[in-house]
Amino acid sequence: MNRDNSVLQRIAGGDQSAVRECIEIFGPLVWGMARRMSRTPADAEDATQEIFIEIWRSASRFSAALGTDRVFIATIARRRLIDRLRGKSSQRSTVSLETLDFLPEHEVSGAAESSYDVEQASRALNQLQSSHRVVLELALVEGLSHSEIAARLHLPLGTVKSYIRRGLVRVRELINISVVQVGARSDE
């Protein structure tokens with residue numbers, strides 16, 4: 001087994017130990033995101049299982065040259081959770097709108113994850129100022145709330161909110177999504 005390969009590359013290659021390793025490494029991340037975006041612990045458990053199944057199915061599309069295992073997995077988790085929330089649209093969601101508008105609506109609605117989308121998001125995040133990137137990763141990848149990020153980074157809450165907003169605007173610019181396009185799509 002080649003340890004230089006990412007966990008996802010090893011899963012795609014059929015390495016059963018990589019499946020267990022993926023759960024050990026990324027289980028807390030996926031569970032944390034699922035718990036924050038689910039109404040009950042049972043819903044979070046179901047979502048976590050769905051997410052890991054989708055990760056196994058999508059592992060062959062991962063490219064280490066385009067991003068990290070963590071970003072790829074978090075993107076899949078986030079999309080799957082958004083799909084679940086949309087499916088339960090009659091229930092009230094507690095998800096932050098700041099978090100949900102990271103990618104355009106047409107890209108998050110599909111069940112199959114696209115490595116192109118992950119590539120774009122990863123590239124855009126890597127081009128941000130480090131302060132904006134760190135705050136966005138904590139919000140989007142780890143699923144932390146604004147106040148949790150402020151506490152972790154010892155920053156004022158307003159600064160965290162500004163970094164998130166500016167980071168999201170910059171990401172949209174980098175992946176060629178204008179605010180007008182996003183607004184227009186919501187009217188369709």
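These questions and answers go through the helices and salt bridges of a predicted model.

Me: How many helices and how many strands does the secondary structure of the chain come to?
Reply: From the N terminus on, every element in the run α-α-α-α-α-α-α-α-α-α-α is a helix. The totals for the chain are eleven helices and zero strands.

Me: What share of the residues of the chain count as buried?
Reply: A residue is buried when its relative accessible area is under 20%. The chain has 188 residues, and the share that counts as buried is 45%.

Me: What share of the contacts with a separation of 6 or more comes from residues 24 or more positions apart?
Reply: The contacts in question are those in the chain with a separation of 6 or more. Among these, residues 24 or more positions apart account for 63%.

Me: Is Arg-84, the salt-bridge partner of Glu-50, buried or exposed?
Reply: Glu-50 and Arg-84 form a salt bridge, with their closest N and O atoms 2.7 Å apart. The pair links distant parts of the chain, Glu-50 being in helix H3 (residues 41–58) and Arg-84 in helix H4 (residues 69–87). Glu-50 has 31% relative accessibility and therefore counts as partly exposed. Arg-84 is at 16%, and the cut-off is 20%, so Arg-84 counts as buried.

Me: How many residues apart in sequence are the parts that Glu-54 and Arg-80 tie together?
Reply: The closest N and O atoms of the salt bridge between Glu-54 and Arg-80 are 2.7 Å apart. Both residues, Glu-54 and Arg-80, are buried. Glu-54 lies in helix H3 and Arg-80 in helix H4, so the parts tied together are separated in sequence by 26 residues.

Me: Why does the distance between the end C-alpha atoms of H4 agree with its 19 residues?
Reply: The expected span is 1.5 Å times one less than the number of residues. For the 19 residues of H4 this rule gives 27 Å. The end C-alpha atoms of H4 are also 27 Å apart, so the two values agree at 27 Å.

Me: How many of the 19 residues of H4 are buried?
Reply: H4 is largely enclosed by the rest of the structure. This follows because the buried residues of H4, out of 19, number 15.

Me: Which residue forms a salt bridge with Asp-15?
Reply: The closest N and O atoms of this pair are 3.4 Å apart, and a salt bridge needs them within 4 Å. Both Asp-15 and its partner are buried. The partner is Arg-10.

Definitions and conventions: Residues numbered from 1 in each chain as written. Predicted model: local features only at pLDDT ≥ 70, side-chain atom pairs only at ≥ 80, totals over all residues. Heavy atoms only, no water. Salt bridge = Lys/Arg side-chain N within 4 Å of Asp/Glu carboxyl O. Buried < 20%, exposed > 50% of the residue type's maximum accessible area, 1.4 Å probe, protein only. Helix = DSSP H or I, 4+ residues; strand = E, 2+ residues; numbered from the N terminus. Contact = heavy atoms within 4.5 Å.
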